[in-house]
Amino acid sequence: MNTDNFYEILGVSRSASTEDIKKAYRKQAVKYHPDKNKNNKSAEEKFKAVNEAYEVLSDPKKRDMYNRFGKNWKQFQDSRQGGAGSDWSNFYSQQTGTHDYSYQNFEDVFSGGDFGSIFDSLFSQQQRAGARQQRSRVQKGQDVNVEANITLQEAYEGTTRRVKTGKETIKINIKPGIADQEKLKLPAKGMPGFNGAPNGDMYITIKIALHDRFTRSGSDLHCELPVDLYAMILGGKVNVKTFKGTVKLDVPKSSANQTTLRLSGLGMPHYDNPRKHGDLYLKLQAELPKNLSEEELNHFEALEKLRNH
(Lines give C-alpha, C1' and ligand atoms only; values in the text may rest on other atoms or scores of the structure.)
Protein backbone atom coordinates (compact mmCIF):
# COMPACT_ATOMS: atom_id res chain seq x y z
CA MET A 1 0.00 0.00 0.00
CA ASN A 2 1.97 2.95 -1.32
CA THR A 3 0.90 5.63 1.13
CA ASP A 4 2.13 6.94 4.44
CA ASN A 5 -1.22 8.51 5.27
CA PHE A 6 -2.83 6.37 7.96
CA TYR A 7 -6.21 8.04 7.42
CA GLU A 8 -6.15 7.12 3.73
CA ILE A 9 -5.10 3.58 4.56
CA LEU A 10 -8.18 3.13 6.74
CA GLY A 11 -10.38 5.21 4.41
CA VAL A 12 -11.46 7.80 7.02
CA SER A 13 -11.14 11.56 7.38
CA ARG A 14 -8.79 13.28 9.81
CA SER A 15 -11.82 14.23 11.89
CA ALA A 16 -13.07 10.62 12.18
CA SER A 17 -14.17 9.51 15.63
CA THR A 18 -12.61 6.60 17.49
CA GLU A 19 -15.66 4.48 16.65
CA ASP A 20 -15.37 5.38 12.95
CA ILE A 21 -11.72 4.35 12.98
CA LYS A 22 -12.61 1.06 14.65
CA LYS A 23 -15.34 0.29 12.11
CA ALA A 24 -13.04 1.12 9.21
CA TYR A 25 -10.35 -1.11 10.63
CA ARG A 26 -12.80 -3.99 10.95
CA LYS A 27 -13.70 -3.71 7.30
CA GLN A 28 -10.09 -3.53 6.10
CA ALA A 29 -8.86 -6.29 8.39
CA VAL A 30 -11.50 -8.68 7.11
CA LYS A 31 -10.76 -7.77 3.50
CA TYR A 32 -7.00 -8.27 3.68
CA HIS A 33 -6.79 -10.98 6.32
CA PRO A 34 -4.14 -13.60 5.34
CA ASP A 35 -6.58 -16.47 5.77
CA LYS A 36 -8.66 -14.97 2.96
CA ASN A 37 -5.65 -14.17 0.81
CA LYS A 38 -3.41 -17.22 0.74
CA ASN A 39 0.05 -16.56 -0.75
CA ASN A 40 -0.94 -13.00 -1.65
CA LYS A 41 2.00 -10.74 -0.84
CA SER A 42 0.11 -7.58 -1.76
CA ALA A 43 -2.69 -8.43 0.66
CA GLU A 44 -0.13 -9.21 3.36
CA GLU A 45 1.45 -5.78 2.94
CA LYS A 46 -1.94 -4.11 3.06
CA PHE A 47 -2.93 -6.04 6.15
CA LYS A 48 0.29 -4.97 7.80
CA ALA A 49 -0.32 -1.34 6.89
CA VAL A 50 -3.91 -1.49 8.16
CA ASN A 51 -2.74 -2.79 11.51
CA GLU A 52 -0.04 -0.14 11.71
CA ALA A 53 -2.50 2.62 10.93
CA TYR A 54 -5.03 1.39 13.48
CA GLU A 55 -2.36 0.98 16.15
CA VAL A 56 -1.54 4.69 15.87
CA LEU A 57 -4.95 6.23 15.21
CA SER A 58 -6.74 4.22 17.91
CA ASP A 59 -4.37 5.59 20.58
CA PRO A 60 -5.16 9.26 21.40
CA LYS A 61 -1.54 10.12 22.31
CA LYS A 62 -0.07 8.46 19.24
CA ARG A 63 -2.75 9.97 17.02
CA ASP A 64 -1.97 13.44 18.35
CA MET A 65 1.75 12.95 17.62
CA TYR A 66 0.90 11.68 14.15
CA ASN A 67 -1.38 14.65 13.46
CA ARG A 68 1.42 17.02 14.47
CA PHE A 69 4.43 15.40 12.84
CA GLY A 70 3.00 13.12 10.16
CA LYS A 71 5.05 10.12 9.11
CA ASN A 72 7.97 11.28 11.28
CA TRP A 73 5.93 11.15 14.49
CA LYS A 74 7.68 7.99 15.71
CA GLN A 75 11.18 9.40 15.38
CA PHE A 76 10.13 12.52 17.24
CA GLN A 77 8.57 10.47 20.02
CA ASP A 78 11.70 8.31 20.31
CA SER A 79 13.95 11.32 20.50
CA ARG A 80 11.87 12.73 23.34
CA GLN A 81 11.89 9.42 25.20
CA GLY A 82 15.60 8.83 24.67
CA GLY A 83 15.27 5.38 23.09
CA ALA A 84 13.89 3.35 20.28
CA GLY A 85 10.19 2.68 20.35
CA SER A 86 8.45 -0.60 19.66
CA ASP A 87 8.24 -1.81 16.08
CA TRP A 88 5.28 -3.40 14.32
CA SER A 89 6.44 -6.97 14.71
CA ASN A 90 3.83 -7.34 17.44
CA PHE A 91 1.30 -7.45 14.64
CA TYR A 92 3.09 -9.04 11.77
CA SER A 93 6.34 -10.95 11.43
CA GLN A 94 7.98 -12.70 8.52
CA GLN A 95 11.05 -13.87 10.38
CA THR A 96 9.65 -17.35 10.96
CA GLY A 97 7.41 -17.48 7.92
CA THR A 98 4.30 -17.29 10.11
CA HIS A 99 1.80 -14.58 11.02
CA ASP A 100 1.78 -13.31 14.61
CA TYR A 101 -1.19 -11.15 15.56
CA SER A 102 -2.04 -9.26 18.70
CA TYR A 103 -5.11 -11.01 20.10
CA GLN A 104 -5.84 -8.15 22.48
CA ASN A 105 -6.20 -5.62 19.64
CA PHE A 106 -8.46 -7.90 17.61
CA GLU A 107 -10.63 -8.63 20.62
CA ASP A 108 -11.06 -4.94 21.27
CA VAL A 109 -11.93 -4.07 17.68
CA PHE A 110 -14.14 -7.01 16.79
CA SER A 111 -16.06 -7.32 20.07
CA GLY A 112 -19.77 -7.28 19.37
CA GLY A 113 -19.30 -7.74 15.64
CA ASP A 114 -20.01 -10.69 13.39
CA PHE A 115 -16.39 -11.72 12.91
CA GLY A 116 -16.29 -15.20 14.47
CA SER A 117 -14.36 -16.61 11.54
CA ILE A 118 -11.54 -14.16 12.18
CA PHE A 119 -11.26 -15.27 15.80
CA ASP A 120 -11.49 -18.92 14.73
CA SER A 121 -8.56 -18.45 12.41
CA LEU A 122 -6.58 -16.70 15.10
CA PHE A 123 -7.26 -19.49 17.59
CA SER A 124 -6.31 -22.10 14.98
CA GLN A 125 -3.05 -20.24 14.42
CA GLN A 126 -2.39 -20.27 18.16
CA GLN A 127 -3.15 -23.98 18.27
CA ARG A 128 -0.78 -24.62 15.38
CA ALA A 129 1.88 -22.61 17.16
CA GLY A 130 1.27 -24.70 20.28
CA ALA A 131 1.61 -27.86 18.20
CA ARG A 132 4.89 -26.59 16.75
CA GLN A 133 6.11 -25.84 20.25
CA GLN A 134 5.05 -29.35 21.39
CA ARG A 135 6.90 -30.91 18.46
CA SER A 136 10.03 -28.95 19.31
CA ARG A 137 9.96 -29.89 22.99
CA VAL A 138 12.72 -32.15 24.22
CA GLN A 139 11.24 -35.26 25.85
CA LYS A 140 12.83 -38.43 27.23
CA GLY A 141 11.76 -41.68 25.55
CA GLN A 142 9.25 -43.98 27.21
CA ASP A 143 10.39 -46.82 29.44
CA VAL A 144 9.84 -50.41 28.29
CA ASN A 145 8.84 -53.33 30.53
CA VAL A 146 9.52 -56.97 29.62
CA GLU A 147 9.55 -60.29 31.49
CA ALA A 148 12.17 -63.03 31.76
CA ASN A 149 11.11 -66.51 32.93
CA ILE A 150 13.70 -68.65 34.71
CA THR A 151 13.72 -71.80 36.87
CA LEU A 152 14.48 -71.93 40.58
CA GLN A 153 17.71 -73.76 39.82
CA GLU A 154 18.71 -70.99 37.40
CA ALA A 155 17.98 -68.50 40.16
CA TYR A 156 20.25 -70.59 42.41
CA GLU A 157 23.12 -70.83 39.94
CA GLY A 158 22.69 -67.59 38.02
CA THR A 159 21.92 -67.55 34.32
CA THR A 160 21.64 -65.37 31.21
CA ARG A 161 18.85 -64.26 28.93
CA ARG A 162 18.70 -62.41 25.63
CA VAL A 163 16.29 -59.52 25.22
CA LYS A 164 15.56 -57.53 22.10
CA THR A 165 15.90 -53.76 22.41
CA GLY A 166 14.87 -52.03 19.21
CA LYS A 167 17.12 -53.41 16.46
CA GLU A 168 19.63 -55.11 18.72
CA THR A 169 19.59 -58.16 20.98
CA ILE A 170 21.35 -57.85 24.32
CA LYS A 171 22.60 -60.62 26.57
CA ILE A 172 21.81 -59.94 30.23
CA ASN A 173 23.39 -61.64 33.21
CA ILE A 174 21.10 -62.73 36.05
CA LYS A 175 23.04 -63.07 39.27
CA PRO A 176 22.63 -66.06 41.63
CA GLY A 177 20.04 -65.60 44.35
CA ILE A 178 17.77 -63.26 42.40
CA ALA A 179 14.24 -63.05 43.80
CA ASP A 180 10.94 -63.61 42.05
CA GLN A 181 9.51 -60.33 40.62
CA GLU A 182 12.89 -58.63 40.92
CA LYS A 183 13.36 -55.88 38.31
CA LEU A 184 16.58 -55.36 36.38
CA LYS A 185 17.22 -52.01 34.70
CA LEU A 186 18.91 -51.48 31.35
CA PRO A 187 19.57 -47.72 31.09
CA ALA A 188 18.74 -46.03 27.77
CA LYS A 189 17.45 -49.27 26.18
CA GLY A 190 13.82 -48.14 26.05
CA MET A 191 12.03 -46.06 23.41
CA PRO A 192 14.01 -43.34 21.57
CA GLY A 193 13.98 -39.83 22.99
CA PHE A 194 12.31 -36.89 21.23
CA ASN A 195 14.34 -34.07 19.65
CA GLY A 196 17.66 -35.30 20.95
CA ALA A 197 16.47 -36.25 24.43
CA PRO A 198 17.84 -39.45 26.02
CA ASN A 199 16.19 -42.80 25.41
CA GLY A 200 13.93 -44.37 27.99
CA ASP A 201 15.04 -47.30 30.12
CA MET A 202 14.18 -50.99 29.91
CA TYR A 203 12.97 -52.85 32.99
CA ILE A 204 13.13 -56.66 33.04
CA THR A 205 10.89 -58.40 35.58
CA ILE A 206 12.22 -61.79 36.65
CA LYS A 207 9.61 -64.52 37.03
CA ILE A 208 10.74 -67.74 38.74
CA ALA A 209 8.78 -70.89 37.97
CA LEU A 210 7.54 -73.12 40.81
CA HIS A 211 9.80 -76.05 41.64
CA ASP A 212 8.45 -79.59 41.94
CA ARG A 213 10.12 -80.20 45.33
CA PHE A 214 11.47 -76.98 46.84
CA THR A 215 9.61 -73.92 48.00
CA ARG A 216 11.46 -70.71 48.74
CA SER A 217 11.29 -68.30 51.64
CA GLY A 218 13.84 -65.55 51.22
CA SER A 219 17.19 -67.33 51.04
CA ASP A 220 15.89 -70.52 52.68
CA LEU A 221 14.49 -73.57 50.93
CA HIS A 222 11.85 -75.96 52.25
CA CYS A 223 11.15 -79.51 51.18
CA GLU A 224 9.06 -82.50 52.27
CA LEU A 225 11.26 -85.59 52.51
CA PRO A 226 9.71 -89.09 52.34
CA VAL A 227 11.45 -91.44 54.85
CA ASP A 228 10.56 -95.09 55.32
CA LEU A 229 9.07 -96.16 58.62
CA TYR A 230 12.09 -98.19 59.66
CA ALA A 231 14.48 -95.22 59.34
CA MET A 232 12.05 -93.04 61.26
CA ILE A 233 11.97 -95.62 64.10
CA LEU A 234 15.46 -97.06 64.05
CA GLY A 235 17.33 -94.07 62.64
CA GLY A 236 19.52 -94.11 59.58
CA LYS A 237 20.88 -92.17 56.64
CA VAL A 238 18.74 -90.83 53.80
CA ASN A 239 19.94 -89.42 50.46
CA VAL A 240 18.74 -85.88 49.78
CA LYS A 241 19.02 -84.18 46.35
CA THR A 242 19.94 -80.50 46.70
CA PHE A 243 21.04 -77.83 44.23
CA LYS A 244 24.61 -78.55 45.36
CA GLY A 245 24.24 -82.26 44.67
CA THR A 246 23.20 -85.29 46.70
CA VAL A 247 23.96 -85.23 50.44
CA LYS A 248 23.28 -87.78 53.20
CA LEU A 249 20.92 -86.82 55.98
CA ASP A 250 21.15 -88.46 59.42
CA VAL A 251 17.65 -89.30 60.60
CA PRO A 252 17.56 -89.61 64.42
CA LYS A 253 15.99 -92.67 66.06
CA SER A 254 12.31 -92.42 66.93
CA SER A 255 11.78 -89.33 64.75
CA ALA A 256 8.16 -88.22 64.84
CA ASN A 257 6.28 -87.82 61.60
CA GLN A 258 6.67 -84.28 60.09
CA THR A 259 9.76 -83.57 62.16
CA THR A 260 11.74 -80.76 60.50
CA LEU A 261 15.51 -81.05 60.14
CA ARG A 262 17.85 -78.30 58.94
CA LEU A 263 20.79 -78.56 56.55
CA SER A 264 22.85 -75.42 57.06
CA GLY A 265 24.12 -73.54 53.99
CA LEU A 266 22.17 -75.57 51.44
CA GLY A 267 19.56 -72.91 50.71
CA MET A 268 19.63 -70.13 48.11
CA PRO A 269 22.66 -67.86 47.72
CA HIS A 270 22.31 -64.29 48.99
CA TYR A 271 21.83 -61.94 46.03
CA ASP A 272 24.22 -59.32 47.37
CA ASN A 273 26.79 -61.93 48.48
CA PRO A 274 26.52 -65.21 46.53
CA ARG A 275 29.12 -66.84 48.77
CA LYS A 276 26.61 -66.88 51.60
CA HIS A 277 23.63 -69.24 51.51
CA GLY A 278 20.43 -69.78 53.38
CA ASP A 279 19.45 -73.13 54.85
CA LEU A 280 17.50 -76.12 53.62
CA TYR A 281 14.64 -77.30 55.87
CA LEU A 282 13.42 -80.86 55.45
CA LYS A 283 10.08 -82.04 56.83
CA LEU A 284 10.13 -85.81 57.37
CA GLN A 285 7.14 -87.66 55.95
CA ALA A 286 6.94 -91.27 57.18
CA GLU A 287 6.26 -93.83 54.47
CA LEU A 288 4.37 -96.94 55.54
CA PRO A 289 5.64 -100.22 54.13
CA LYS A 290 3.53 -101.79 51.41
CA ASN A 291 2.89 -105.41 50.31
CA LEU A 292 3.99 -106.85 53.65
CA SER A 293 4.69 -110.60 53.72
CA GLU A 294 2.90 -112.88 56.18
CA GLU A 295 6.06 -113.11 58.23
CA GLU A 296 6.35 -109.31 58.39
CA LEU A 297 2.74 -109.02 59.47
CA ASN A 298 3.39 -111.58 62.21
CA HIS A 299 6.27 -109.48 63.47
CA PHE A 300 4.06 -106.38 63.59
CA GLU A 301 1.41 -108.31 65.48
CA ALA A 302 4.04 -109.49 67.95
CA LEU A 303 5.26 -105.92 68.32
CA GLU A 304 1.73 -104.69 68.94
CA LYS A 305 1.23 -107.29 71.69
CA LEU A 306 4.56 -106.32 73.21
CA ARG A 307 3.61 -102.64 73.19
CA ASN A 308 0.23 -103.33 74.80
CA HIS A 309 1.44 -105.89 77.39
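**Exercise 1.** Which side chain meets that of Asp279 in a salt bridge?

*Solution.* Work in the predicted model. Start at the carboxylate of Asp279. The side chain of Arg262 meets the Asp279 side chain at 3.1 Å, N to O. Now place both residues. Arg262 sits in strand E10 (260-263), while Asp279 belongs to the loop between E10 and strand E11 (280-287). The two are 17 residues apart, and the pair links distant parts of the chain. Last, check burial. The cut-off for buried is under 20% relative accessible area. Asp279 has 15% relative accessibility, so Asp279 counts as buried.

**Exercise 2.** Explain what the salt bridge between Asp201 and Lys140 ties together.

*Solution.* Take the contact: the side chains of Asp201 and Lys140 meet at 3.4 Å, N to O. Then locate the ends. Asp201 lies in the loop between E4 and E5, and Lys140 in the loop between helix H7 (116-135) and E1, so the bridge ties together parts 61 residues apart in sequence. Compare exposure. Asp201 is buried at 8% relative accessible area, whereas Lys140 is partly exposed at 44%. Finally, extend the picture: shared partners join Lys140, Lys185 and Asp201 into one network of salt bridges.

**Exercise 3.** Find the strand order of the open sheet that contains E1, and its edges.

*Solution.* The order is E1-E5-E4, with mixed pairing. Strands E1 (144-150) and E4 (183-186) each pair on one side only, as edge strands. Next, inspect one pairing. E1 and strand E5 (residues 202-208) run parallel, joined by 7 bridges. Within E5, Thr205 is the bridge partner of Glu147.

Notes:
Residues are numbered from 1 along each chain as its sequence is written. This is a predicted model: local features need pLDDT of at least 70, side-chain atom pairs count only at pLDDT 80 or more; totals for chains, interfaces and linings use all residues. Side-chain values use heavy atoms; hydrogens and water are left out. Two strands pair if DSSP finds at least two bridges between them. Helices (H or I, at least four residues) and strands (E, at least two) are DSSP runs, numbered from the N terminus. A salt bridge is a side-chain nitrogen of Lys or Arg within 4 Å of a carboxyl oxygen of Asp or Glu. Buried means under 20% relative accessible area, exposed over 50%, partly exposed in between (1.4 Å probe, protein chains only).
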